[in-house]
Amino acid sequence: MYIGIDLGGTNIAIGIVDDNAKIIIKGSTPTFNERNYQEIVKDMADLSMELINKAGLKVEDIKAIGVGSPGSIDAKNGIVVYANNLLFNNVPLREELNKYFDIPVAVENDANAAALGEYKATGVESECFVAITLGTGVGSGIVIDGKIFRGFNGAGGELGHTTLVADGVLCTCGRKGCWEAYAAVTALIRQTKVAIEKHPESLMNEIVKKNGGEVSGRTAFDAAKQGDKVAQTVVDQYVKYVADGVTNVINTFQPETLVIGGGISREGEYLVNPVRQYCEKYSYTKGTLPETKIQAATLLNDAGIVGAAFAAKELIG
């Protein structure tokens, strides 16, 4: 058994995972990200112990702990170098968790952990596997020959920060025109709001009112499915942004499998199929060689837990 911890800016999700990538038990607790790392790690340890007891296990049954954390990670030394949505700056996460559990602790970037989780669930036969997560940003992870690709300094695989539009929309990283600035769900929400302002007659307005005035990533998709032409224009443009970036990824890595995750991936084939069609039309190979298999992620919110657990398993060999 392994413990997988998905550390987010809002919630900490933890699960006990077996050798077959099955989550035996899981739970979550708020992060309260304004706190210092010692308090956050204590909550991680307390919830982990609670789950061990609820599962009828002993600490000795847990072979290792894995943590998927946002930010820049020194995986070798178990340190979160910097995470901008947590007050983490050179945080010795492994060392701190070892105060509670005297077992090996792996620390991995959260997008890398999610990619490893999806790989274990869907892409074990793939020599090259890429997972894209569409959420607040565009997260990504690359698995080659069963191992996470990290680059020489641990910061590799940040595909969301490749340029899609030169001198385009300002990204949170400080650069203009990043793929993330167009294909993240936050970008879709921004695009939806602009369309609603220009077209008050759109069905999207009614959906927003029923949703308490909140525009979500689903707003345009829900209206488009009901035949709203303005919403369909928003969806089509968003899908093109996603697909254009995915095409870049395929041209660069030629992965056997690429999965699209994040909450918006619940749209399933309504999102994935047009992305697939675009890539088939515009990828460099254009059908002259075997094509990348593009599909929706299967683990969704559990990918980080499973991936963190398998990062822990990888650590101990």
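With which side chain does the side chain of E180 make a polar contact? In this predicted model, the partner is the side chain of T172, at a distance of 3.2 Å. E180 itself belongs to helix α4, which covers residues 180–183. Although E180 is buried, it takes part in no salt bridge. The nearest side chain of opposite charge belongs to R190, and it lies 9.4 Å away. A salt bridge calls for a side-chain nitrogen within 4 Å of a carboxyl oxygen, so the 9.4 Å that separates R190 from E180 is beyond that cut-off. For a student looking at the structure, then, E180 can be pictured as a buried residue without a salt bridge whose side chain has a polar contact with T172.

Charged pairs do occur elsewhere. How many salt bridges does a search of the whole structure find? The search gives 12, and three of the pairs can be followed here in turn. One of them joins K313 to D19, where the closest N and O atoms are 3.0 Å apart. This pair links distant parts of the chain, with the two positions 294 residues apart in the numbering. K313 sits in helix α10, made of residues 303–316, while D19 sits in the loop between β2 (11–17) and β3 (23–30). Both partners count as partly exposed: K313 has a relative accessible area of 24%, and D19 has 44%.

Another salt bridge brings together the side chains of D302 and K26, with 2.9 Å from N to O. Here too, distant parts of the chain are linked, as D302 and K26 are 276 residues apart. D302 is found in the loop between β13 (293–296) and α10, and K26 is found in strand β3. With a relative accessible area of 47%, K26 is partly exposed.

The next pair is R150 and E314, whose closest N and O atoms are 3.8 Å apart. R150 lies in the loop between β11 (147–148) and α4, whereas E314 lies in helix α10, so this salt bridge ties together parts that are 164 residues apart in sequence. R150 is partly exposed at 24% relative accessibility, and E314 is partly exposed at 27%. Which residues are joined with R150 and E314 into one network by salt bridges that share partners? The network takes in E108 alongside R150 and E314.

Contacts between side chains are one way to see how the chain folds back on itself; distances between C-alpha atoms are another. A113, in helix α3 (residues 110–122), is 193 residues away from V306 along the chain, yet their C-alpha atoms are separated by 7.7 Å. A113 has a relative accessible area of 1% and is therefore buried, since that value falls under the 20% limit. G268 offers another example of a buried residue, with a relative accessible area of 18%. G268 is part of the loop between β12 (257–261) and α9 (269–282). From G268 to K293 there are 25 residues in sequence and 14 Å in space, taken from C-alpha to C-alpha.

The backbone also deserves a look. Most residues other than glycine have a negative phi. Which way does the phi of D145 point, positive or negative? The phi of D145 is positive, at about 50°, although D145 is not a glycine. D145 lies in the loop between β10 (138–144) and β11, and at 58% relative accessibility it counts as exposed. L300 likewise has a positive phi, near 50°, and is a residue other than glycine. L300 is located in the loop between β13 and α10, where it counts as partly exposed at 30% relative accessibility.

Finally, attention turns to the second largest pocket. About 230 Å³ of space lies within this pocket, and 13 residues line it. Which of these residues lie nearest the centre of the pocket? They are Q191, V194, A195, T233 and V234. Helices α5 (185–198) and α8 (229–253) are the elements that give two or more residues to the lining. By type, the lining of the second largest pocket divides into seven nonpolar, four polar and two charged residues.

How values were computed. Residues are numbered from 1 along each chain as its sequence is written. This is a predicted model: local features need pLDDT of at least 70, side-chain atom pairs count only at pLDDT 80 or more; totals for chains, interfaces and linings use all residues. Side-chain values use heavy atoms; hydrogens and water are left out. On a 1 Å grid over the protein atoms alone, a cavity is a set of points where a 1.4 Å probe fits but cannot get out, and a pocket is an open set with protein on both sides within 12 Å along at least five of seven lines; lining residues have an atom within 4 Å of a point. Grid points are joined across faces, edges and corners, and a volume is the space filled by probe spheres set on the points. Helices (H or I, at least four residues) and strands (E, at least two) are DSSP runs, numbered from the N terminus. Ala, Val, Leu, Ile, Met, Phe, Trp, Tyr, Cys and Pro count as nonpolar, Asp, Glu, Lys and Arg as charged, and the others, Gly among them, as polar. Buried means under 20% relative accessible area, exposed over 50%, partly exposed in between (1.4 Å probe, protein chains only). Lys and Arg count as positive and Asp and Glu as negative; His and the chain ends are not counted. A polar contact is a pair of N or O atoms within 3.5 Å; within protein, one must be able to donate a hydrogen and the other to accept it, and residues adjacent in sequence count only if both atoms are side-chain atoms.
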